[in-house]
2 protein chains.
Amino acid sequence: MATDSRYPPLAAGALVYSTLKEQIVSLALPPGTSLSEKETALLFQVSRTPVRESFVRLAQEGLVVVLPQRGTRVSLIDPELVEEARFMREQLERAVIRLACKQFPPELLPPLEENLEAQRVCIRDHNSKQMFKLDEEFHRLLFAGCRKLGTWTVIQQMNAHLNRSRILWLANDPDWSKLFEHHRAMLAAIRAGDADHAELLMKEHLRLAILDVAMLKEAHPSYFV
Amino acid sequence: MATDSRYPPLAAGALVYSTLKEQIVSLALPPGTSLSEKETALLFQVSRTPVRESFVRLAQEGLVVVLPQRGTRVSLIDPELVEEARFMREQLERAVIRLACKQFPPELLPPLEENLEAQRVCIRDHNSKQMFKLDEEFHRLLFAGCRKLGTWTVIQQMNAHLNRSRILWLANDPDWSKLFEHHRAMLAAIRAGDADHAELLMKEHLRLAILDVAMLKEAHPSYFV
DNA sequence: GCTACCATACTTGTATGGTAGCATGGAATA
DNA sequence: TATTCCATGCTACCATACAAGTATGGTAGC
């Protein structure tokens, strides 16, 4: 469980780790990019030791692949793992939103509302990166409300592949309004306590993420396995 | 995703990591045990570097807690995370066994049969540790058959707390025959393709793991948060 | 021209010395 | 006697040096 906030080894190592992770997930460091320990150490102005520590953590999350004596690379996106992550999210989120319909702390409803409003702004401004973050935050809040944040954290580990695909997808096919409407309807269902409807919405919502990976792979062949 | 077999940093570090993990999950290293880098390095006859690497990995899985400048300890069992892990498994395994009823590769049925037979032997011999491993293997085979091994791997990360509780529980209340009967019935349902029945069985099966954590905590107060 | 070999420049893996922060216990003080 | 302060020894953290394996380019031989 990589709860960053709970095991903060301090400064240097943690900083390198979180920076690299951010860049990898956002595709600023595209899949396949070579990362040498020495080079990265020079870049961050630290020694190889904390860099190595961060590489170990990233490898454990499947974000990089370490080939002994050969090099370290940003992992390629595995289409099978993309679908598997989506499958996993569907099962867990359907269960969670059912819970949310029965017991959701009222003090977390305003944050969800604010999030929705921010999504609306993002759609207007065509800000796909921010929209992605808000989407993540919306779902995270659902888990938080059901006291299942540990589950969300574990999901994140698997999401390395799915998220990178989704970023590519969101950049190409900006059908954000459908996502937004889903979110809006889900929140309404939670307020109404309609678990069956909420689950159905979540199911449809996450099936939108059954991306046409083949299409993405065609557009970015070097990014995939 | 900590697929040990896929990112093997080689010998020393990986050996320390897997050995410590084994000992922690089996409670040979009880929750709360202090682990110093230097001490562990001496024990394994390696330098502190690979030990440190293994500590980082174990911390990421929640098996140890690193307190900067203070020490490293085997993590205490968090009852909330125990239930959360069980919840997560229930959702995923119910979905997986439904899949298994529709598409399970026939060549994986014999291994399941052999596993069941081994379970019978374990029950006869009152071998709780082996029984625990066989139970894990049984469920892993289900995921393997549905091509969802990545999901199983991620589950394992969350299982650190649940598994340790289950080991305590299995040692106390050896109602293994019920587990065995569940496994047997599940396999029969898969053969028959009866998804509804299989899911119901799995649901009941995993609800057995709603352990009386309070009881365990009373028996081993120092092991829990 | 083609192939096999080898020197070299990389890579990650490991060992070790030094640094900063924290806990503990004893001594000095009120 | 109770309390504060400080020295000491512990810890993890980081930097550096060395070891070992790998890819590559040039060269000698065929």
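Trainee: In strand 3 of chain B, which residue is the bridge partner of Leu67(B)?

Mentor: Start with the general idea. Strands of a sheet pair through backbone hydrogen bonds, either parallel or antiparallel. In this structure, which is a predicted model, the bridge partner of Leu67(B) is Gly71(B) in strand 3 of chain B. Further along, Val66(B) stands opposite Thr72(B) of strand 3. Strand 2 and strand 3 of chain B pair in the antiparallel sense, over four bridges.

Trainee: How many residues lie between strand 2 and strand 3 of chain B in the hairpin?

Mentor: There are three residues between them, and Gln69(B) in the turn has a positive phi of about 65°.

Trainee: In what order do the strands of the open sheet in chain B come?

Mentor: Three strands form the open sheet in the order 1-3-2, with antiparallel pairing. Strand 1 (34-35) and strand 2 (64-67) of chain B stand at the edges with a single partner strand each, so one side of each has no neighbour in the sheet. Strand 1 is joined to strand 3 of chain B by two bridges, and these strands run antiparallel. Ser34(B) is the residue opposite Arg73(B) of strand 3.

Trainee: Along strand 3 of chain B, which side chains point to one face and are buried?

Mentor: Read a strand by following its side chains in turn. In strand 3 of chain B, Thr72(B) and Val74(B) point to one face and are buried, while Gly71(B) and Arg73(B) point to the other face and are not buried. Strand 2 of chain B also alternates: Val64(B) and Val66(B) are buried on one face, whereas Val65(B) and Leu67(B) point to the other and are not buried.

Trainee: Which strands of chain A form a hairpin?

Mentor: Strand 1 and strand 2 of chain A do, with three residues between them. Gln69(A) lies in the turn and has a positive phi of about 60°. Four bridges join the two strands, which run antiparallel, and the bridge partner of Leu67(A) in strand 2 is Gly71(A). The side chains of strand 2 (residues 71-74) of chain A alternate too: Thr72(A) and Val74(A) are buried on one face, while Gly71(A) and Arg73(A) point to the other and are not buried.

Trainee: Now a helix. How many residues does helix 6 of chain B have, and what distance does it reach?

Mentor: Compare the distance between the end C-alpha atoms with the expected one. Helix 6 (residues 128-145) has 18 residues and reaches 26 Å from its first C-alpha to its last, close to the 26 Å expected at 1.5 Å a residue. Just after helix 6 of chain B, Arg147(B) takes a positive phi of about 55°.

Trainee: What covers the buried residues of helix 6 of chain B?

Mentor: The cover includes helix 4 (79-102), helix 5 (109-125), helix 7 (149-172) and helix 8 (176-192) of chain B. Among the buried residues of helix 6 are Met131(B), Leu134(B), Phe138(B) and Leu142(B), and also Asp135(B) and His139(B).

Trainee: How many residues does the contact take from chain A and from chain B?

Mentor: The general idea concerns area: the size of an interface is often given as the accessible area lost when the parts come together. Here we count residues instead. The contact takes 27 residues from chain A and 27 residues from chain B. On the side of chain A, helix 3, strand 1 (64-67), helix 4 (79-102) and helix 7 (149-172) each give two or more residues. Helix 4 of chain A gives the largest share, six residues. By class, this side of chain A has 16 nonpolar, six polar and five charged residues.

Trainee: Where is chain A divided into domains?

Mentor: Domain 1 covers 9-74 and domain 2 covers 79-223. Their C-alpha centres lie 27 Å apart. Nine residues of domain 1 of chain A are in contact with seven residues of domain 2 of chain A.

Trainee: Which residues are closest to DNA strand D?

Mentor: Of the 21 residues that surround DNA strand D, the closest are Ala12(A), Ser47(A), Thr49(A), Ser36(B) and Glu37(B). The surface near the strand has eight nonpolar, eight polar and five charged residues.

How values were computed. Residues are numbered from 1 along each chain as its sequence is written. Chains are lettered from A and ligands numbered from 1 in the order in which they are written. This is a predicted model: local features need pLDDT of at least 70, side-chain atom pairs count only at pLDDT 80 or more; totals for chains, interfaces and linings use all residues. A residue is near a molecule or strand if its C-beta atom, placed from the backbone, lies within 6 Å of it. Ala, Val, Leu, Ile, Met, Phe, Trp, Tyr, Cys and Pro count as nonpolar, Asp, Glu, Lys and Arg as charged, and the others, Gly among them, as polar. Domain bounds come from an automatic or database domain assignment. Two residues are in contact if their C-beta atoms, placed from the backbone, lie within 7 Å. The expected span of a helix is 1.5 Å times one less than its number of residues. A residue is buried if 20 or more other C-beta atoms lie within 10 Å of its own, exposed if 12 or fewer, and partly exposed in between; C-beta atoms are placed from the backbone. Two strands pair if DSSP finds at least two bridges between them.
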